[in-house]
Amino acid sequence: QVQLVESGGGLVQPGGSLTLSCAAFGSIFRINAMGWYRQAPGKQRELVAVSSSGSTQYADFVKGRFTISRDNAKNTLTLQMNSLKPEDTAVYYCKVDYIGRDYWGQGTQVTVSS
């Protein structure tokens with residue numbers, strides 16, 4: 001069983017920055033993939049960025065603006081978000097793939113507005 005705790009969301013002006021953090025707790029040996037997803041009102045949940053087997057992947061709409069980083073020793077995941085746009089407004093979720101099962105965090109709200 002894996003529990004995920006997210007933090008770091010909030011209100012920011014366009015062009016600003018935020019850092020999201022996710023910590024995984026439980027009897028964890030080694031996590032396979034860790035990633036960030038987001039869901040805006042009325043839209044489907046979508047991939048933002050994922051870290052797996054030493055590589056990272058980003059959605060086109062965040063390339064060059066967001067950076068995902070992972071600490072395997074601490075089972076933590078961070079998403080540094082720069083140059084935020086109003087369309088980045090969404091609930092951001094951390095997801096972990098552990099022993100073939102997906103675990104989701106509770107989500108953290110990011111609002112980009114002036």
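Which residue in β8 is the bridge partner of Arg70? In this predicted model, the bridge partner of Arg70 in β8 is Leu77. The following paragraphs place this pair within the chain as a whole, then within its sheet, and then turn to a second group of strands.

The chain contains eleven strands and zero helices. Followed along the sequence, the pattern is therefore one of strands throughout, β-β-β-β-β-β-β-β-β-β-β. The radius of gyration is 13 Å, close to the 13 Å that the globule rule gives for 114 residues, so the chain is as compact as a globular protein of that length. Taken along the principal axes, the box filled by the C-alpha atoms is roughly 45 × 25 × 25 Å. Of the 114 residues in the chain, 42% are buried. Among contacts with a separation of 6 or more, 53% involve residues 24 or more positions apart. The chain exposes about 6,200 Å², and carbon and sulfur atoms supply 47% of this area.

One part of the fold is an open sheet of four strands. The strand order is β1-β3-β8-β7, and the pairing is antiparallel. Strands β1 (2–7) and β7 (66–71) form the edges, each pairing on one side only. On average, neighbouring strands of this sheet are turned by 15° against each other, direction ignored.

At one edge of this sheet, β7 pairs with β8 (residues 76–81) in the antiparallel sense over six bridges. The two strands form a hairpin with four residues between them. In the turn of this hairpin, Asn75 has a positive phi of about 55°. Asp71 has Thr76 as its bridge partner in β8, while Arg70 is bridged to Leu77.

Arg70 itself lies in strand β7. With a relative accessible area of 23%, Arg70 is partly exposed, because the cut-off for a buried residue is under 20%. The side chain of Arg70 takes part in two polar contacts with backbone oxygen atoms. The backbone oxygen of Ile31 is reached at 2.7 Å, and that of Ser51 lies 2.9 Å from a polar atom of the Arg70 side chain. Leaving aside neighbours within four places in sequence, Arg70 is in contact with Ile31, Asn32, Ala33, Met34, Ser51, Ser52, Thr76 and Leu77. The C-alpha atom of Arg70 is separated by 15 Å from that of Ser7, 63 residues away along the chain.

Ser51, one of the residues in contact with Arg70, belongs to strand β5 (residues 46–52). Ser51 has 9% relative accessibility and therefore counts as buried. When residues up to four places away in sequence are not counted, Ser51 touches Asn32, Ala33, Met34, Thr56, Ile68 and Arg70.

A second group of strands is arranged around β9 (residues 90–98). Eight of the nine residues of β9 are buried, so this strand is largely enclosed by the rest of the structure. Strand β4 (residues 33–39) pairs with β9 in the antiparallel sense over seven bridges, and within this pairing Arg38 has Tyr92 as its bridge partner. Strand β10 (residues 101–104) also runs antiparallel to β9, to which it is joined by four bridges. In this pair, Asp97 stands opposite Asp102. Strands β9 and β10 form a hairpin with two residues between them, and Ile99 in the turn has a positive phi of about 50°.

Strand β11 (residues 108–112) is joined to β9 by three bridges, and the two strands run antiparallel. Here the bridge partner of Tyr92 is Thr108. Tyr92 thus appears in bridges with both Arg38 and Thr108.

Thr108 is a residue of strand β11. Its relative accessibility is 10%, and Thr108 therefore counts as buried. A polar atom of the Thr108 side chain lies 3.2 Å from the backbone nitrogen of Gly9. With neighbours within four places in sequence left aside, the contacts of Thr108 are Glu6, Gly8, Gly9, Leu20, Ala90, Val91 and Tyr92.

Terms used
Residues are numbered from 1 along each chain as its sequence is written. This is a predicted model: local features need pLDDT of at least 70, side-chain atom pairs count only at pLDDT 80 or more; totals for chains, interfaces and linings use all residues. Side-chain values use heavy atoms; hydrogens and water are left out. Two strands pair if DSSP finds at least two bridges between them. Axes are lines fitted to C-alpha atoms, for helices over the stretch in contact, and angles run from 0 to 180 degrees between N-to-C directions. Buried means under 20% relative accessible area, exposed over 50%, partly exposed in between (1.4 Å probe, protein chains only). The radius of gyration is taken over C-alpha atoms; the globule rule is 2.2 Å times the number of residues to the power 0.38. Contact means heavy atoms within 4.5 Å. Accessible areas come from the Shrake-Rupley method with a 1.4 Å probe; for residues, only the protein chains shown count as cover. A polar contact is a pair of N or O atoms within 3.5 Å; within protein, one must be able to donate a hydrogen and the other to accept it, and residues adjacent in sequence count only if both atoms are side-chain atoms.
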